[in-house]
Amino acid sequence: MTIGTHIRTYFNGEWHDEDVAIMRAADHGSWVGTTVFDGARYFNGRSPDLAAHCARVNRSAEALMITPTMESADIVAAVQEGLQAYGPDEAVYIRPMYWALDGDVSGIVPKENSTGFAICLEAVPMADQNASTTLGRTKFRRPVLEDNVVNAKAGCLYPNNARMLADVRRRGFGNALVADAMGNVAESATANVFMVKDGAVFTPIPNGTFLAGITRARHMDNMRKDGMEVHETVLGFADFEDADEVFLSGNMMKVTPVTAFEDSQYQVGPVTRRVREMYWDWAAST
């Protein structure tokens with residue numbers, strides 16, 4: 001299913017102006033789910049942190065025992081070539097992806113040096129500057145490395161995200177605030193999370209149960225350069241109930257203000273607005 005319009009696909013070394021079929025029925029990724037991807041953004045004629053996203057898709061492939069076939073710099077070059085068909089007024093979601101083609105004698109372990117690769121570009125608008133969301137609690141949790149590939153941006157992790165979203169949306173919330181295996185807050189179902197208390201910014205410390213995102217790191221760097229106090233620490237749900245502001249950080253929409261967590265209500269406060277302003281200023285300078 002597409003999520004946008006004006007789709008271009010890079011497959012077998014060339015660009016196609018359509019949504020190309022890239023998998024076969026017997027591909028390892030089709031029936032065992034050995035797929036990884038990354039997501040970058042193009043907007044206002046810029047593609048900030050594109051190199052970091054292209055490097056991460058290769059690390060994700062290695063985490064799933066899939067052999068990367070493209071140097072990250074070559075992925076960047078291919079993306080930049082594909083983006084030439086889009087105007088500076090179009091916002092594009094950029095997805096490089098790998099999947100295993102063959103398995104070993106067991107059929108389960110991906111076979112080395114047997115890899116599919118594609119890039120999908122889709123025109124997907126950035127969020128309206130007034131967009132926000134709400135958070136609810138869910139019974140579903142983030143896995144740990146011992147039972148899932150949480151060190152990769154892997155397709156097999158996303159059905160769990162979908163369960164989280166469906167769970168809270170039944171109660172009218174837009175997203176889920178999710179616990180790790182220990183019961184501490186990890187992130188939302190779709191993005192990293194920050195909270196503000198008395199002017200200081202807090203975010204869950206990376207503990208191997210979630211990907212500490214590229215956009216998350218960019219926000220933290222911007223905030224510290226701006227003189228803000230930023231802490232990576234262990235956080236519980238009670239901390240978010242007592243927060244002054246909460247916002248999500250993800251590649252898709254960059255900054256999403258949160259206006260409620262269960263019964264706790266928040267304003268879109270000065271820190272959230274400043275973080276968003278700093279990101280757009282930084283992106284325009286790249």
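This passage describes salt bridges, one helix, a pocket and a surface patch in a predicted model. Residues are numbered from 1 along each chain as its sequence is written, and side-chain values use heavy atoms, with hydrogens and water left out. Because the model is predicted, local features need pLDDT of at least 70 and side-chain atom pairs count only at pLDDT 80 or more, while totals for chains, interfaces and linings use all residues.

Salt bridges make a good starting point. Side chains of opposite charge can pair when their charged atoms come close. With a salt bridge taken as a side-chain nitrogen of Lys or Arg within 4 Å of a carboxyl oxygen of Asp or Glu, a search of the whole structure finds 15 of them. One of these joins D38 to R56, with 2.6 Å between the closest N and O atoms. D38 lies in the loop between strand 3 (35-37) and strand 4 (40-42) and R56 in helix 2 (residues 50-63), so this pair ties together parts that are 18 residues apart in sequence. Helices (H or I, at least four residues) and strands (E, at least two) are DSSP runs, numbered from the N terminus. D38 counts as buried at 0% relative accessibility, and R56 is likewise buried, at 10%; here buried means under 20% relative accessible area, exposed over 50%, and partly exposed in between (1.4 Å probe, protein chains only).

A further salt bridge links the side chains of R218 and D49, at 2.8 Å from N to O. Since R218 belongs to helix 5 and D49 to the loop between strand 4 and helix 2, the pair ties together parts that are 169 residues apart in sequence. Both R218 and D49 are buried. The side chains of E262 and R171 also meet in a salt bridge, at 2.8 Å from N to O. E262 sits in the loop between strand 14 and strand 15 (264-265) and R171 in the loop between helix 4 and strand 8 (175-179), so parts that are 91 residues apart in sequence are tied together. E262 is partly exposed, with a relative accessible area of 22%, and R171 is partly exposed at 44%. Salt bridges with shared partners join D49, R218, D221 and K225 into one network.

Helix 5 (residues 214-225) deserves a closer look. This helix has 12 residues and reaches 17 Å from its first C-alpha to its last, close to the 16 Å expected at 1.5 Å a residue; the expected span is 1.5 Å times one less than the number of residues. Its buried residues are I214, T215, R216, R218, H219, M220, N222 and M223. Helix 5 is followed by G227, whose phi is positive, near 90 degrees.

Turning to the pockets, the second largest has a volume of about 260 Å³. Its lining is made by 18 residues, of which M126, A127, D128, Q129 and W280 lie nearest the centre. Strand 14 (254-261) and helix 7 (270-285) each supply at least two residues of this lining, and strand 14 gives the most, with four. A pocket is defined on a 1 Å grid over the protein atoms alone, where a 1.4 Å probe fits, as an open set of points with protein on both sides within 12 Å along at least five of seven lines; lining residues have an atom within 4 Å of a point. Grid points are joined across faces, edges and corners, and the volume is the space filled by probe spheres set on the points.Finally, W31, M65, I108 and V109 make a nonpolar surface patch of about 430 Å² (over 30% relative accessible area, no salt bridge, nonpolar side chains within 5 Å).

Note on methods. Patch = residues over 30% accessible without salt bridge, like charges linked within 9 Å, V, L, I, M, F, W, Y side chains within 5 Å. Areas by Shrake-Rupley, 256 points an atom, 1.4 Å probe, with all protein chains shown as cover.
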